[in-house]
Amino acid sequence: MKTKNLALIVIVALIVVLGGCGCSSYNGLVKGDQDVKQVWGNVETNYQRRTDLYSSVIKTIEGSANFEKSTLKEVMEARAKATSVTVDINDPESLAKYQAAQGQLQSAFGRLMAVAEAYPDLKTTKSFQDFQVQIEGTENRINRARQDYNQSVNGYNLSVKTFPNSIFAGIFHFTEKPYYKADAGSEKAPDIEFNIK
């Protein structure tokens, strides 16, 4: 009888300990998952700010007579594509599509800004000058938000992969989240040419 009671006590103690560890691990994984989602929301917010700023400058440029319509159209198409991509932060492929669309928008907008340099009346308008300052700040915010996202993903992924959380992550279907990666080719220094005559 004494041995039976001792075995029962040991079994109950193990269940309590494992249940406590399981609850703690599960709650930690949920907290990490929610943190990643919140930080991703900050990334999207900063991209939305950029899109809104781009919309403002497009309107300013449209008002400029004789501006290159093909370049402007390219930016508007890239903007439409970038805002139509839906991201699932658990899916590396959707994150890559979003990142590619944002890269295309930024590239098209860079070409638009280069063309704008040829229009002195446009460059001197206050709204255009204000935009240039705001876009620089927005790009810095986007970069910071992407770094924060990757830091959050790193903490979450460590929780998912380390023991004993990895056991509970598997049981409760918590999986690694993808990092925000640099655009392809960004590891190479850009070619800078000065055509000074």
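Partly exposed means a relative accessible area between the buried limit of under 20% and the exposed limit of over 50%. Glutamine 48 has 41% relative accessibility, so this residue counts as partly exposed. Keep those limits in mind for the stops below. The model is predicted.

**Whole chain**

Start with the cartoon view. The protein has 6 helices and 0 strands. From the N terminus, the order of elements reads α-α-α-α-α-α. Of its 197 residues, 32% count as buried. The accessible surface is about 12700 Å², and carbon and sulfur atoms supply 57% of that area. Now look at how the chain meets itself. Among contacts with a separation of 6 or more, 73% are between residues 24 or more positions apart.

**Helix α1: two cross-chain distances**

Select glutamine 48. This residue sits in helix α1. Draw a C-alpha to C-alpha distance to isoleucine 142: the two are 9.9 Å apart in space, with their positions 94 residues apart in sequence.

Next, select glycine 41, also a residue of helix α1. Its relative accessible area is 23%, so glycine 41 is partly exposed. Run the C-alpha to C-alpha distance from glycine 41 to tyrosine 149. The result is 9.2 Å, for a pair 108 residues apart in sequence.

**The aromatic cluster**

Show the rings of Trp40, Tyr47, Tyr98, Tyr149 and Tyr180. Ring pairs join these residues into a cluster. The model holds 9 aromatic pairs. Zoom in on tyrosine 47 and tyrosine 98. Their ring centres are 5.6 Å apart and their planes meet at 85°, so the pair is edge-to-face. Tyrosine 47 belongs to helix α1 and tyrosine 98 to helix α3, so this pair, at an angle over 60 degrees, links distant parts of the chain, 51 residues apart.

Are these two rings' residues buried or exposed? Tyrosine 47 has a relative accessible area of 2% and is therefore buried. Tyrosine 98 counts as buried because its relative accessibility is 6%.

**Helix α3: two buried polar residues**

Stay in helix α3, residues 92–116, and select glutamine 102. Its relative accessible area is 4%, so glutamine 102 is buried. Which residues does glutamine 102 contact, leaving aside neighbours within four places in sequence? Show Tyr47, Arg50 and Ala82: these are the contacts. Tyr47 is familiar from the edge-to-face pair with tyrosine 98.

Move to serine 94, in the same helix, α3. Serine 94 is buried, since its relative accessible area is 10%. Show Val85, Thr86, Val87 and Asp88. Serine 94 contacts these four once neighbours within four places in sequence are set aside.

**A charge over a ring**

Select lysine 177 and tyrosine 156. The charged end of lysine 177 sits over the ring of tyrosine 156, and the distance to the ring centre is 5.0 Å.

**Around α6: a cis bond and a positive phi**

Most peptide bonds are trans, and most residues other than glycine have a negative phi. The next two stops depart from that.

Select phenylalanine 163 and proline 164. The peptide bond from the phenylalanine to the proline is cis, with omega near 5°. Proline 164 is in the loop between α5 (126–161) and α6 (165–171).

Follow the chain through α6 to the segment after it, where histidine 173 lies. Histidine 173 is not a glycine, yet its phi is positive, at about 65°. Is histidine 173 buried or exposed? Its relative accessible area is 67%, so the residue is exposed.

**A nonpolar surface patch**

For the last stop, switch to the surface view. Select Tyr26, Phe163, Ile167, Ile171 and Phe172. They form a nonpolar patch on the surface, with about 520 Å² of accessible area together. Phe163 is the residue that precedes the cis bond to proline 164. Tyrosine 26 comes from helix α1, which spans residues 2–62. Its relative accessibility is 33%, so tyrosine 26 counts as partly exposed.

Terms used
Residues are numbered from 1 along each chain as its sequence is written. This is a predicted model: local features need pLDDT of at least 70, side-chain atom pairs count only at pLDDT 80 or more; totals for chains, interfaces and linings use all residues. Side-chain values use heavy atoms; hydrogens and water are left out. Patches are made of residues with over 30% relative accessible area and no salt bridge: like charges are joined within 9 Å, nonpolar side chains (Val, Leu, Ile, Met, Phe, Trp, Tyr) within 5 Å. Accessible areas come from the Shrake-Rupley method with a 1.4 Å probe; for residues, only the protein chains shown count as cover. A salt bridge is a side-chain nitrogen of Lys or Arg within 4 Å of a carboxyl oxygen of Asp or Glu. Helices (H or I, at least four residues) and strands (E, at least two) are DSSP runs, numbered from the N terminus. Buried means under 20% relative accessible area, exposed over 50%, partly exposed in between (1.4 Å probe, protein chains only). Contact means heavy atoms within 4.5 Å. Rings of Phe, Tyr and Trp (its six-membered ring) pair if their centres lie within 6.5 Å; planes under 30 degrees apart count as stacked, over 60 as edge-to-face and the rest as tilted. A charge sits over a ring if NZ of Lys or CZ of Arg is within 6 Å of the ring centre and within 35 degrees of the ring normal.
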